[in-house]
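Here's a quick briefing to read alongside the structure. Have the model open while you go through the points.

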Amino acid sequence: MTSKKQSRWYFGGLASAGAACCTHPLDLIKVTLQTQQGKLSVLQLVPKIIREQGVLAFYNGLSASMLRQLTYSTTRFGVYEVGKQHISTDTFLGKIALAGMAGLAGGIIGTPADMVNVRMQNDVKLPVEQRRNYKNAIDGLYKVYRQEGFTRLFSGATTATGRGIMMTIGQIAIYDQTKVYLLSTPYFKDNLITHFTASLVAGTIATTLTQPLDVLKTRSMNAKPGEFNGLWDIVRHTAKLGPLGFFKGYIPAFVRLGPHTIITFVFLEQLRLNFGFVPQPKPTASSAAI
């Protein structure tokens, strides 16, 4: 009976917000690596942040990260879960198509919180006089709106939306398909081992698919007004570092996204198994006549 239970539309947002609390320091390290033009490694960057800012600096922007998950992830998981009730996802292509639509919606809606999240995380490596010093996510949204205009809230929306599509395909569609495959074998049941294995596969594929767009999105959102002349200018600027420049921060991105994906789906599956619902069968024409 438990395997037939379905998630409620908002479970994904709650699970993602819970995962964000656990993985936020890794996300901050990833953003800092992507926005620097220098050659600091993770092993050099971490002690530098601790020495200059203190341990709590790793939680800069946590409120924005939570707001991002409650907008971006709630939307993409919600669209996917509701869409499954109306669109056939029996095939892998069906899952990819639905995940793409869900990622598109989530990417657009989550862009403002995502931009503030990137800026708050990046503050730790800026000189004191250049820091934006947003008090929290709401304060950041308000200051961007007042100082830079409404459209600036959607800076990086193109890359954020593209990343959202690829991320949702890599995470949700791949997770669903991997889980279906595992459950079709005699070795796996609908339990924690299956959820962990499927989410690890999804996290690996999602990181690889989204990393180039993630680098471009981070640079676009963190840029000062007028710093870049459109998306192509950011691409050229990043290309100066060579092809690997588009995969800058891949290791911390995977170290962050891998656990984030695993924790998200483990939380999501526990919510589904304990608080999900069994869909009622649709009435047939004969039963409706009776």
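At 16% relative accessibility, T75 is buried (under 20% relative accessible area; exposed is over 50%, partly exposed in between, with a 1.4 Å probe and protein chains only). Keep in mind that this is a predicted model, where local features need pLDDT of at least 70, side-chain atom pairs count only at pLDDT 80 or more, and totals for chains, interfaces and linings use all residues. Residues are numbered from 1 along each chain as its sequence is written, and side-chain values use heavy atoms, leaving out hydrogens and water.

**T75 and I109**
- T75 sits in helix α3, residues 62–84 (helices are DSSP runs of H or I, at least four residues, numbered from the N terminus).
- Setting aside neighbours within four places in sequence, T75 is in contact (heavy atoms within 4.5 Å) with A105, G106 and I109.
- I109 belongs to helix α4, and I109 is partly exposed at 48% relative accessible area.

**Nonpolar patch**
- L104, I108, I109, Y145, F150 and F154 make up a nonpolar surface patch.
- Together they have about 570 Å² of accessible area (Shrake-Rupley method, 1.4 Å probe, with only the protein chains shown counting as cover).
- Patch residues have over 30% relative accessible area and no salt bridge (a side-chain nitrogen of Lys or Arg within 4 Å of a carboxyl oxygen of Asp or Glu); nonpolar side chains (Val, Leu, Ile, Met, Phe, Trp, Tyr) are joined within 5 Å, like charges within 9 Å.
- Helix α4 (residues 92–122) supplies the largest share, 3 residues.

**N133**
- You'll find N133 in the loop between α4 and α5 (137–148).
- N133 isn't a glycine, yet its phi is positive, about 55°.
- N133 is partly exposed, at 48% relative accessibility.

Notes: Helices (H or I, at least four residues) and strands (E, at least two) are DSSP runs, numbered from the N terminus.
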